[in-house]
Amino acid sequence: FWDFLILFFCLPVVIFNEITKKRLLGDLSCRIVPFVEVSSLGVSTFSLCALGIDRFHAATSPAASARPIERCQSIVAKLAVIWVGSMTLSVPELLLWQLARDTSPASGAATEFCSMKPSPDLPQSLYSLVLTYQNARMWWYFGCYFCLPILFTLSCQLVTRRVRGSAKPERRAAKPGRGERHLDCTILGLAIIYGLCTAPENVCNIVVAYLSPDLPKQTLDLLDLINQFFLFFKCSVTPVLLLCLCRPLGQAFMDCCCCCCQGCGPDAASSEGSADGKLKTEMSSSIFFDKPRESPPLLALGTPC
């Protein structure tokens, strides 16, 4: 959901700004766009950490049959913690950016751009806090939004493989199914895509801060635009990768698309087939559950009780 929010809100604003040299929504977009983008990095970071912990618990559980199915309320609570935590850590972005205007020396036209400069109208304590965040922003990005998810995911994957390799013979006989292997590959693929798309921004920040402090403004704007489009690329690839690697989730997505295209009005035969398909989908493993639901088959609609 957050990836789609980035694509449908931030991407048009950035493209409009590059074409017209005017900020869509003015000062509001200068504050909202960085806030949403940094929140997206936080959501991806903490989601990868949560999925790595879930995979470790799946590998160290005493028996797959004894593990209870996680309830929807528990999953929603985890998502709420991830989203609220990510948005809270991104609040300084709302106070750090502001709209600035300049005149182009070539054409003489007025241009608008976003400047990373705290407003002097802020209270003194809040101004000092935002200024401290600005000075530590580069290393905070590098440590929390790059090193943490990559190292945490790789560590969880290595520990999980080691636990499964050193399991007891009776537990080793029950090898992880294809669904769990798909889940491990999905998380590893998400971490690799995330690392490849966020590495250029961190490298550019370090190089600009320490090696080339006197770069022209046009070069800095170009580097910032490239970094933003790497973020947009990550938000475009991540849902596709998730749907392709996690087959039950991809099949459910395709069923929803087919249902919308056909108007959700199949005949009796197709409804019976779709009921069987839904039953098979529920009985198969998904990205949230490590074991299929153990429940009796549901009766088809229209049959006597």
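How far apart do the end C-alpha atoms of residues 225-245 lie, and how much of the span is helix or strand? In this predicted model, the two end atoms are 30 Å apart, and the span is 100% helix and 0% strand. Helices (H or I, at least four residues) and strands (E, at least two) are DSSP runs, numbered from the N terminus. Residues are numbered from 1 along each chain as its sequence is written, and side-chain values use heavy atoms, with hydrogens and water left out. Because the model is predicted, local features need pLDDT of at least 70 and side-chain atom pairs count only at pLDDT 80 or more, whereas totals for chains, interfaces and linings use all residues.

The UniProt record, an unreviewed entry, annotates residues 138-159, 187-213 and 225-245 as "transmembrane region"; such annotations may be inferred rather than shown by experiment, and their positions follow the numbering used here, with feature names shortened. Residues 138-159 are likewise 100% helix and 0% strand, with end C-alpha atoms 30 Å apart. The "signal peptide" annotation of the unreviewed UniProt entry covers residues 1-16, a span that is 94% helix and 0% strand.

Turning to the interior, the largest nonpolar core has 25 residues. Such a core is a set of buried Ala, Val, Leu, Ile, Met, Phe, Trp, Tyr and Cys residues joined through side-chain atoms within 4.5 Å, where buried means under 20% relative accessible area, exposed over 50% and partly exposed in between (1.4 Å probe, protein chains only). Helices α1 (2-20), α2 (27-60), α5 (124-165), α7 (178-210) and α8 (217-245) each give two or more residues to this core, and α2 provides the largest share, 7 residues. L41 is among the residues with the most contacts inside the core; leaving aside neighbours within four places in sequence, L41 is in contact (heavy atoms within 4.5 Å) with Y141, Y145, Y194, T198 and L231. The buried residues of α8 include L231, F232 and C235.

The cysteines complete the picture. The structure holds 1 disulfide, defined as a pair of cysteine sulfur atoms within 2.5 Å. C30 and C114 form this bond, their sulfur atoms 2.0 Å apart. The torsion about the S-S bond is about -85 degrees, so the disulfide is left-handed. Because C30 lies in helix α2 and C114 in strand β2 (residues 110-116), the pair ties together parts that are 84 residues apart in sequence. C30 is buried, at 0% relative accessible area, while C114 is partly exposed, at 22%. The sulfur of C235 is 8.3 Å from the closest cysteine sulfur, in C10, too far for a bond.
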